[in-house]
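Biologist: I'd like to go through this one with you and ask where the labels come from. Could you put it up?

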Amino acid sequence: MLALDVKNLNKKYGNFQLENVSLQLEKGYIMGFIGANGAGKTTTIKSILNLIQVDSGEINILGKNAIEHEMELKQEIGFSFGGTDYYTRSKIKTLTNVIKRFYHNWDDETYYNYLKKFKLDENKKIIQLSMGMKVKYSLALALSHGAKILILDEPTSGLDPVARGELLTIFQELIEPGEISILFSTHITSDLEKCADYITFIHNGKIINSSEKEDFINSYRLLNGKESQLFEVKDQLISYNVNSFGFTGLIHTKDFDPSSNIKSTLPNLEDIMIYVSKKEEMYV
């Protein structure tokens, strides 16, 4: 069963446009949603949550149309936009008592178990929480009403490596039973290399690639060669850099001849993002 199915999503804002954005997230998995700032990640997420009205396209969540069943599905969705920055002078318990009234399946026992797991003191005010604790509080809220899909927009942005590591472990634990799915938007690609099952890459409002993480990475090669070798592959490269040691460039695996004397390695997600973005700078 698909937890999330987005088909041909279009939304135009002035000089920016989401163009035929499509992605599918299987139940019980984590999808990393990557792209530079301004690429369309947040616009896509807001469209999924019906926080903005799309021009065209279809969104299905847990097998149901997201618009036609919005109120029902909002009970099944947990989301975090990187922390809790509202009612900062309120105590956790005060804010929770307001929020839980909106959810039919709210479970106090589950909520307090997560407070204990996350080491959160409900008598603390929101303003007293670190950024990592704010994200954990958002997750505690989301998971205490039986959410089956978590939509997280930059949840680890601004966190130190230790706090990020803790959250990634939590995400992996959450999906283990196979009931919860996570769409995880971030530009910190190293986080996704540790926890994601699928990667969707959006660039300038268009999906460049969406596939299993290993397949995604394996579809590219990072080449390192002498400058004199550049002419052999220049036309096939997505983009490249030249320095005193030679050149480094990104190529689609299908376009690379493995019998070549040019050294090739697997890129990481950050390499792929950088070189795809550089392509436009080179050919403007």
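Modeller: Gladly! Of the 284 residues in the chain, 48% count as buried. Bear in mind that this is a predicted model.

Biologist: Why is Asp 191 called buried?

Modeller: Its relative accessible area is 1%, and buried means under 20%, so Asp 191 qualifies.

Biologist: What makes Arg 164 count as buried?

Modeller: Arg 164 has 15% relative accessibility. The cut-off is under 20%, so Arg 164 is buried as well.

Biologist: Why are Asp 191 and Arg 164 said to form a salt bridge?

Modeller: Their closest N and O atoms are 3.1 Å apart, and the definition asks for a side-chain nitrogen within 4 Å of a carboxyl oxygen, so the pair meets it. Asp 191 sits in helix H7 (residues 189–195) and Arg 164 in helix H6, so the bridge ties together parts 27 residues apart in sequence.

Biologist: How do you know that Lys 41 and Glu 154 form a salt bridge?

Modeller: Here the closest N and O atoms are 3.8 Å apart; the limit is 4 Å, so this pair counts too. Lys 41 belongs to helix H1 (41–48), while Glu 154 is in the loop between strand E7 (149–153) and helix H6 (161–175), 113 residues away in sequence. Both residues are buried.

Biologist: And why is Lys 254 called exposed, but Asp 255 partly exposed?

Modeller: Exposed means over 50%, and Lys 254 has 70% relative accessibility, so that label fits. Asp 255 has 33%, which lies between the 20% and 50% cut-offs, so Asp 255 is partly exposed. The two side chains meet in a salt bridge at 3.5 Å, N to O.

Definitions and conventions:
Residues are numbered from 1 along each chain as its sequence is written. This is a predicted model: local features need pLDDT of at least 70, side-chain atom pairs count only at pLDDT 80 or more; totals for chains, interfaces and linings use all residues. Side-chain values use heavy atoms; hydrogens and water are left out. Buried means under 20% relative accessible area, exposed over 50%, partly exposed in between (1.4 Å probe, protein chains only). Helices (H or I, at least four residues) and strands (E, at least two) are DSSP runs, numbered from the N terminus.
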